[in-house]
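Work through the two exercises below with the structure open beside you. Try each task before you read its solution.

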Amino acid sequence: MTQSFDVIIVGAGMVGAALANGLAQAGLTVALLDRETPAPFAPEDPPDLRVSALSAGTETYLSRLGVWSRISAMRLTPYRRLSVWDASHHPLSNLITKPLARTTFDAADLGRRHLGHIVENRVTQRALWDQAGSDERITRLTDVTVSAIDNGADAATLTLTDGRTLTAEVLVGADGARSQIRQLAGIGTTSDQYAQQAMVISVQYAGSPQDITWQAFHPSGPRAFLPLHSVEPDGAAEHSWGSLVWYDTPARLSELKALPEDALISDIQRAFPQDLPPLVKVAGRASFPLARQHAKSYFVNRVVLAGDAAHTINPLAGQGVNLGFQDAEALQQTLVEARRAGQPLATASGLAHYQSVRKPANRRMMLAMDLFYHAFSNQTPPLHLARNIGLALANSLPFAKQQVTRYAMGIDAQLPLPIRQLIDRAPRLPFMNRG
Ligand SMILES: Cc1cc2nc3c(=O)[nH]c(=O)nc-3n(C[C@H](O)[C@H](O)[C@H](O)COP(=O)(O)OP(=O)(O)OC[C@H]3O[C@@H](n4cnc5c(N)ncnc54)[C@H](O)[C@@H]3O)c2cc1C
């Protein structure tokens, strides 16, 4: 038997599940599929190793979907300040005093209570999944795999490995960086691997939850701290959870991964800035390859891509899923407008509009991350000095700094014009000539 829907979404990760909720709330019927069932949440569980910095823009979007209250009922950690500095040493850096070469963004400067929240991926995904379960227009299917798609003229048809078939006007691939739907639809990508990898380390530290997230740039890559909730359920707050990200070569990260807990804690305390509070426990560690990947097209006929299926970026500014949520919002708007206008959901002009809104914005963020990555990985004296001057300038130009903060928080949809122009006109260096 074939089941029919307005939209089929493959991938119930954060982006696919958000899109399903948005479409259903606007009256469309949706099939939401995943090969796994999202993990349940229990308050006594240690934090998920994967956490994301969710911007204020994402908070507004998830609140509109009715999901933010579910997230806060589980757990989240607000951060009010974000600090970035260059931790490498070079004689020329003495030209700039240390405090000037450190830039701190503060929510108070924008009259806001926080810049964003650190939320475990499992919590966000579970909240979206539960919300989808409360909407009768969404059919959730898990532990299923796709064997074929037919991207036809009249409908998109999905065949599952158990033989069932589903049809819809639109098929969305929100199935992550290695998207099967993207491959089955024949959409190519441009991609590149970074030399660095990222190791995520879940730790407990002495003290109450901090309200700052920071990132120090070292020649081998950044080292970052993201605050999480208190370890003590009674609120005694003597110890807190935190998430560390250590970017380095794959060889160095393999060594670190193999260390016993005590030795790893000593290495972290030596390598991380003094801003890191004393660690008492390492609860988990895993490393991730870093790749930049961009789909050559965001749609073909009735198949559309969103989130990591369309783009993966260097996570150094924690923007990946925030961009994915912006895709979901834009795609929802396109499909709902088509329905309201009495048009088919999958018109070339409608989907081209979605692509024209999201592809340049995602590409710009990728280029900005590449510029950042290469500027901070490079130890040649002019670049070293230039980035320190850049950080010092950021401190002395409060208006520009506020504009960048507003963009990173998702309050403004666009980067400030001068920065957009700078990125768009940046010479096509070998590392940034694609996508
Ligand atoms: C180290 C690191 C740190 C990061 N930190 C941040 C951060 O601070 N802030 C931020 O915004 N982003 C961050 N990101 C990026 C963020 O994790 C991703 O952008 C985000 O998870 C993408 O969400 P998604 O829903 O598009 O894809 P995914 O999270 O990959 O979800 C895809 C879903 O599809 C399912 N699936 C896959 N294949 C199939 C298939 N064939 N059939 C059925 N189902 C399938 C999977 O089970 C999964 O549920 C970070 C990434 C890394 C590596």
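The exercises cover the ligand site and one strand of this predicted model.

**Exercise 1. The ligand site**

Task: Find which residues come nearest to the ligand, and determine how much of the ligand the protein buries.

Solution.

Step 1. Begin with the shell: 27 residues lie around the ligand, and D34, R50, Q180, D308 and V321 come nearest.

Step 2. Sort the shell by class. It holds ten nonpolar, twelve polar and five charged residues.

Step 3. Look for polar contacts, which are pairs of N or O atoms within 3.5 Å. The backbone supplies a polar atom of A53 at 2.9 Å from an oxygen atom of the ligand, and a backbone N or O atom of V15 at 3.1 Å from a ligand oxygen. From a side chain, a polar atom of N322 sits 3.2 Å from an oxygen atom of the ligand.

Step 4. Turn to the area. The ligand taken alone exposes 1000 Å², and the protein buries 85% of that.

Step 5. Assign the shell to elements: α1 (14-25), β3 (51-55), α4 (121-133) and α8 (320-340) each give two or more residues.

**Exercise 2. Strand β14**

Task: Which strands are joined to β14 by bridges, and why is β14 largely enclosed?

Solution.

Step 1. On one side, strand β13 (residues 212-218) runs antiparallel to β14, with five bridges between them. A hairpin of two residues makes the connection, and A216 has R223 in β14 as its bridge partner.

Step 2. Strand β15 (residues 239-248) is also antiparallel to β14, joined by six bridges. Here P227 is paired with G242 of β15.

Step 3. Check burial, which means under 20% relative accessible area. Ten of the ten residues of β14 (residues 221-230) are buried, so the strand is largely enclosed by the rest of the structure.

Note on methods:
Residues numbered from 1 in each chain as written. Predicted model: local features only at pLDDT ≥ 70, side-chain atom pairs only at ≥ 80, totals over all residues. Heavy atoms only, no water. Near = heavy atom within 4 Å. Polar contact = N/O pair within 3.5 Å; in protein donor to acceptor, adjacent residues only side chain to side chain. Areas by Shrake-Rupley, 256 points an atom, 1.4 Å probe, with all protein chains shown as cover. Helix = DSSP H or I, 4+ residues; strand = E, 2+ residues; numbered from the N terminus. Nonpolar A, V, L, I, M, F, W, Y, C, P; charged D, E, K, R; others polar. Buried < 20%, exposed > 50% of the residue type's maximum accessible area, 1.4 Å probe, protein only. Pairing = 2+ DSSP bridges.
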